[in-house]
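Here is a brisk report on one protein model. It moves from the sheets to single residues and then to a pocket.

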Amino acid sequence: MSLQEENVALQNEVRQLKMQVSKLTRELRVSGSLHEKVAKMLEAKDTLGVALSAANAKQRAYTDMLIESCPSIIVLLDDSNRIVFCTRTLLTAAGMPNFDYVKNRTFEEVFSRYFTPESMAALRDAIEAVSVYGQTISLHDKADFSGDKQERYYAIELRSVGSVGSAAGITAGVLAVMVDLTDFLHEKQRAEAANNAKSDFLANMSHEIRTPMNAIIGMSEMLARSELDEPQRKYLNDIRKSAQSLLVIINDILDFSKIEAGRLEIVNANYNLHAMLDNLRSIFSLLCQNKNLAFIYDLDDTTPATIHGDENRLRQILTNLLSNATKYTKAGSVKFSARLCAENTLRFDVEDTGIGIREEDRDKLFKPFEQLDLRKNRDVVGTGLGLAISYNLCNLMGGTLSLTSVYGQGSVFSVTLPCVTAEQVEPREEDRIREFSAPRARVLVVDDIEVNLSVAEALLSTFAIKPTLSMNGETAVSLASDNHYDLIFMDHMMPGMDGVETTRRIRALGGRNERVPIVALTANAIGGVEEMFLQNRMDGFLPKPLEFSRLNQCLRRWLPPDLIEEQEE
């Protein structure tokens, strides 16, 4: 080989070596980059592992915290009804130091010592039903975990939880959650006791207040039927008006107290709405006339004549609104309107040209014991309860009471109530007051207060009835045993033997005393009292103060027809 050829070969070899060097350099560069990437990935993996470990530790801490502090007893059973989990509450309640005392033991093994055999049988059946059918079952039962015979009341819910973590081979059957209701029930019992005490207080207050009112109004009624000169009649009328005003105030206070105690009842029946509205029109048109106010009555043709509802409570609401409109209007008019609105809603509006309501006073308007603008209204008498009672009554009847007003120009109070139409109601015969006498009627009146007996005796004398009077239950039973009575009026709240017990003993005499009508007389105006009398074999109910019209209806209903002697009209 020539020198030139060797030189060319050498140059080619050098070129190849350079190419290999370049290639190796590139490979080394790539290899270094991959190494860095791998190192970073490993570093990131380590960081992620640390973060996951911290997160898992934190989650375990939360789980442990939940287990330790959960107020309810939670027990997880596997498919063999063995305990695989429970909250600390169970261990604390049962005085166990750790979970090992219950772990892998059956539910019945652990809980049979805390429940009665009957309760355990019910729990066993419930757990089986949950396991087999996948139901959720709720129970209520008592358990004594402390062993000191201080049972506590639990709401127990059992539910199927299916399988959990099947990849790890872990299965679960039933989750039992026991919530301790003992303290709640004790509070509930205390609240009910307080409410019952309040109701008893209201009943006693009603009795104590209405008893003297019965005497005042009853005696006034009798005086009005006697011969009086003009000054005496004027004095008597003033007494009667004052007594009626006082009775309205007393009724407002008692009604509001009954609303607060949840004892005020809505009693629905069919009644003639047009007749009731016309009666209000008659009353308030006369009152407005006496104050030189125009009274405008607008009964829309759409208003149904007969509806189903509580006539007395609607009358009370409208009377309150019309009374306020009349009292607070010095000049101008009072407008009373009624109509049927869309969606079977009755609307009643009472509009006046009185003093109106200031914007800042609107929040006080339906609150109890509030009288607004006292400077201007010093001469207006009232408790400040009328609107609060009306507002609550509207709510109880499923309606609303609202106001629009311009201070110094007047107000409009609007009542909306659901309208349930009913078949036409004919005027009841007993609603007509027809004079009659019953001189042959034998009537026994039982009351422990002498003045009440005098009132009853005087009112009955207007029917030519001479009643037998008794001041206690023992004497009443003796009189009923020895005599035949056509009707017995029985006071309720008497010392010793009360009216209910006296009635029971009279009924126990048998014979005619099992059938003699016994009508309760009471000043207790609390809701539900009439039902109580009827349940205790009384036949009727007359509230005090006694009213002549109600007594008339009562005598006509319960006295034998052959004893009623109609008076010529």
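Two strands pair if DSSP finds at least two bridges between them. Helices (H or I, at least four residues) and strands (E, at least two) are DSSP runs, numbered from the N terminus. The model is predicted: local features need pLDDT of at least 70, side-chain atom pairs count only at pLDDT 80 or more, and totals for chains, interfaces and linings use all residues. Residues are numbered from 1 along each chain as its sequence is written, and side-chain values use heavy atoms, with hydrogens and water left out.

**Overview**

The protein chain has 14 helices and 19 strands. Of its 569 residues, 38% count as buried. Buried means under 20% relative accessible area, exposed over 50%, and partly exposed in between (1.4 Å probe, protein chains only). Contact means heavy atoms within 4.5 Å. Among contacts between residues at least 6 apart in sequence, 64% join residues at least 24 apart.

**The parallel sheet**

One open sheet has 5 strands in the order β15-β14-β16-β17-β18, with parallel pairing. β15 (468-470) and β18 (540-543) stand at the edges; each has a single partner strand, so one side of each is left without a neighbour in the sheet. Neighbouring strands here are turned by 20° against each other on average, direction ignored. Axes are lines fitted to C-alpha atoms, for helices over the stretch in contact, and angles run from 0 to 180 degrees between N-to-C directions.

Which residues cover the two faces of β14 (residues 443-446)? Val443 and Val445 lie on one side, Leu444 and Val446 on the other, and all are buried. In a regular strand the side chains alternate between the two faces of the sheet. β14 pairs with β16 over 4 bridges, in the parallel sense. Leu444 stands opposite Ile488 in β16. β14 also pairs with β15, again parallel, over 3 bridges. There, Val446 has Ser470 as its bridge partner.

β16 (residues 487-491) and β17 (residues 518-522) run parallel and are joined by 4 bridges. Met490 is matched with Ala520 in β17. Two helices lie across these strands. Helix α12 (residues 499-508) crosses β16 and β17, at about 150° to β16. Helix α14 (residues 548-558) crosses β16, β17 and β18, at about 135° to β16.

**The antiparallel sheet**

Another open sheet of 5 strands has the order β2-β1-β5-β4-β3, with antiparallel pairing. Its edge strands are β2 (83-86) and β3 (136-143), and each pairs on one side only. Neighbouring strands of this sheet are turned by 20° on average, direction ignored. β4 (residues 152-160) and β5 (residues 174-180) share 7 antiparallel bridges. Ala155 stands opposite Val179 in β5.

**Pairings of β9**

β9 (residues 333-341) pairs with β7 and with β10, as the table shows.

| Pair | Sense | Bridges |
|---|---|---|
| β7 (residues 294-299) and β9 (residues 333-341) | parallel | 6 bridges |
| β9 and β10 (residues 345-352) | antiparallel | 8 bridges |

Ala294 stands opposite Ser333 in β9. Phe336 stands opposite Val350 in β10. The hairpin of β9 and β10 has 3 residues between the strands, and Glu343 takes a positive phi near 60° there.

**Two loop residues**

Is Thr106 buried or exposed? Thr106 is buried, because its relative accessible area is 18%. This residue is found in the loop between α2 (88-94) and α3 (107-111). Leaving aside neighbours within four places in sequence, Thr106 is in contact with Ser80, Asn81, Arg82 and Ile83.

Arg113 sits in the loop between α3 and α4 (117-133). Arg113 is exposed, with a relative accessible area of 53%. Arg113 and Asp144 are 31 residues apart along the chain, and their C-alpha atoms are separated by 8.4 Å.

**The second largest pocket**

On a 1 Å grid over the protein atoms alone, a pocket is an open set of points where a 1.4 Å probe fits, with protein on both sides within 12 Å along at least five of seven lines; lining residues have an atom within 4 Å of a point. Grid points are joined across faces, edges and corners, and a volume is the space filled by probe spheres set on the points.

The second largest pocket holds about 150 Å³ of space. Its lining counts 13 residues, and His308, Gly309, Asp310, Met397 and Pro418 lie nearest its centre. β8 (306-309) and β12 (410-418) each supply at least two lining residues. β8 gives the largest share, 3 residues.
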